[in-house]
Amino acid sequence: MSTKSPIRKIGVVGAGTMGHGIAQVFAQAGFEVCLQDVRTNALNRATSNITQSLDKLVAKDTLTAKDAELARLRLTTTTDLDALSDVNYVIEAIVENVTAKRDLFKTIDTLVAPDVILASNTSAIAINTLSSATTRQPYVLGMHFMNPVPLMPLVELIRGQATSVETVRLSIELIKIIGKTPVEAADRPGFIANRVLMPMINEAIYALMEEVGSAEAIDTVMKVGMNHPMGPLALADLIGLDVCLDIMRVLHEGFGNNKYQPCPLLCQMVEAGTLGRKTGSGFFKY
Ligand code: CAA
């Protein structure tokens with residue numbers, strides 16, 4: 001970790017797929033990390049997933065066994081939000097629900113020191129909507145990681161209307177310290193990543209629904225024909241179909257344009273609880 005950074009301890013709220021990945025990469029980079037979630041089972045799963053991921057990185061010689069152990073030691077978990085009162089930077093990665101996120105931002109605003117930055121890993125919700133729940137709008141921004149966080153270098157940084165230049169500067173510095181690549185995006189629905197990615201995934205689901213090709217055929221076209229590392233349907237399964245649907249709804253409502261209408265098959269699969277890898281089946285079986 002850079003000795004120049006004033007940030008020593010990171011609070012991560014939400015121990016799901018993204019939250020525990022974010023906690024892991026900061027712990028690996030030398031920061032103390034406190035990972036909070038209201039669900040004990042989510043914290044247990046997070047700890048076990050982080051251990052597995054660190055073990056994989058050690059097996060591939062990306063990380064030494066000693067550094068993996070140090071990363072584990074830098075990470076604490078808690079169900080108590082008050083445990084975040086001494087952190088220097090907060091990253092929120094809870095469910096993509098505006099009310100839940102605004103409530104959380106309101107609470108954290110009263111908990112941490114007034115100059116602590118509150119970043120949201122939201123995939124698509126407007127940063128202005130979240131920052132207006134706090135009394136520190138200049139200190140709020142979007143910090144959007146990609147899944148799987150330990151492997152994907154990109155982080156989108158989203159400046160809300162009131163986000164200060166200093167908040168963005170410090171956050172860019174932080175992203176570089178953890179070895180990732182920051183890209184700035186405007187506070188528009190879906191930012192850059194999901195504005196471009198999600199309509200492609202949605203279109204792949206339409207192609208499947210309209211029997212243009214099988215799931216295997218659609219994914220093979222994109223992998224072999226376009227050199228994508230995964231096909232769009234396998235990627236939807238990795239992201240989670242519920243998350244894909246939430247993002248399509250944000251695009252649809254945000255732009256008021258029917259080109260973003262979620263595919264009916266996507267809606268049906270989410271209603272049926274077929275959410276991708278996390279439920280054992282989506283467009284493919286796991
Ligand atoms: N931690 C550590 N290592 C991991 C890991 C993790 N979390 N996940 C996978 N690995 C390792 C695997 O063990 C494997 O190691 P070996 O090479 O030793 O076998 C290696 O990484 C490669 O994994 P796989 O063989 O399973 O598969 P792969 O070669 O296809 O690579 C991938 C996996 C990096 C995920 C690649 O498929 C990829 O880049 N896919 C696209 C991912 C993507 O687009 N992400 C963005 C999604 S959008 C988003 O996140 C934003 C949003 O808001 C929705």
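**Entry 1: conventions.** I take helices (H or I, at least four residues) and strands (E, at least two) as DSSP runs, numbered from the N terminus. The model is predicted: local features need pLDDT of at least 70 and side-chain atom pairs pLDDT 80 or more, while totals for chains, interfaces and linings use all residues. Residue numbers start from 1 along each chain as its sequence is written, and side-chain values use heavy atoms, without hydrogens or water.

**Entry 2: the ligand shell.** I first looked up what surrounds the ligand. A residue counts as near the ligand if one of its heavy atoms lies within 4 Å of it. I find 18 residues around the ligand, and the closest are Ser53, Lys56, His144, Asn147 and Asn194. I sorted the shell by class, with Ala, Val, Leu, Ile, Met, Phe, Trp, Tyr, Cys and Pro as nonpolar, Asp, Glu, Lys and Arg as charged, and the others, Gly among them, as polar. The result is 11 nonpolar, five polar and two charged residues.

**Entry 3: where the shell comes from.** I next asked which elements and domains supply the shell. Helix H2 (40-59), helix H7 (193-209) and helix H9 (232-239) each contribute at least two residues. H2 gives the largest share, with three residues. Domain 1 (9-185) and domain 2 (195-278) each provide at least three residues of the shell; the domain bounds come from an automatic or database domain assignment.

**Entry 4: polar contacts of the ligand.** I use "polar contact" for a pair of N or O atoms within 3.5 Å; within protein, one must be able to donate a hydrogen and the other to accept it, and residues adjacent in sequence count only if both atoms are side-chain atoms. I noted a polar side-chain atom of Ser53 at 2.6 Å from a ligand nitrogen. A polar side-chain atom of His144 lies 2.7 Å from a ligand oxygen. For Asn194, an N or O atom of the side chain is 2.9 Å from an oxygen atom of the ligand. The ligand on its own has 1,000 Å² of accessible area, of which the protein covers 64%; accessible areas come from the Shrake-Rupley method with a 1.4 Å probe, and for residues only the protein chains shown count as cover.

**Entry 5: strands S1 and S2.** I call a residue buried under 20% relative accessible area, exposed over 50%, and partly exposed in between (1.4 Å probe, protein chains only). I take two strands as paired if DSSP finds at least two bridges between them. Strand S1 (residues 9-13) runs parallel to S2 and is joined to it by five bridges. I read Lys9 of S1 opposite Glu32 of S2, and Val13 has Gln36 of S2 as its bridge partner. Five of the five residues of S1 are buried, as are four of the five in S2 (residues 32-36). In a regular strand the side chains alternate between the two faces of the sheet. In S1, I see Lys9, Gly11 and Val13 point one way and Ile10 and Val12 the other, and all are buried.

**Entry 6: strands S6 to S8.** Strand S6 (140-145) pairs with S7 in the antiparallel sense, over five bridges. Within this pair I located Gly142 opposite Ile158 of S7. S7 also pairs with strand S8 (residues 181-186), here in the parallel sense and over six bridges. Glu156 stands opposite Val183 in S8.

**Entry 7: a cis bond.** Where does Pro148 lie? I find Pro148 in the loop between S6 and strand S7 (154-159). The peptide bond from Asn147 to Pro148 is cis, with omega near -5 degrees. Asn147 is also listed among the closest residues to the ligand.

**Entry 8: positive phi.** I then checked residues other than glycine for positive phi. Asp61, in the loop between H2 and helix H3 (65-74), has a phi of about 65 degrees. Its relative accessibility is 69%, and Asp61 therefore counts as exposed. For Asn227, phi is near 60 degrees. Asn227 sits in the loop between helix H8 (215-226) and H9 and is exposed, with a relative accessible area of 69%.

**Entry 9: two further loop residues.** Arg39 lies in the loop between S2 and H2; at 40% relative accessibility, I record Arg39 as partly exposed. The C-alpha atoms of Arg39 and Ala27 are 21 Å apart, with these positions 12 residues apart along the chain counted as their separation. Is Thr122 buried or exposed? Thr122 is buried, at 0% relative accessible area, in the loop between strand S5 (117-120) and helix H5 (127-131).
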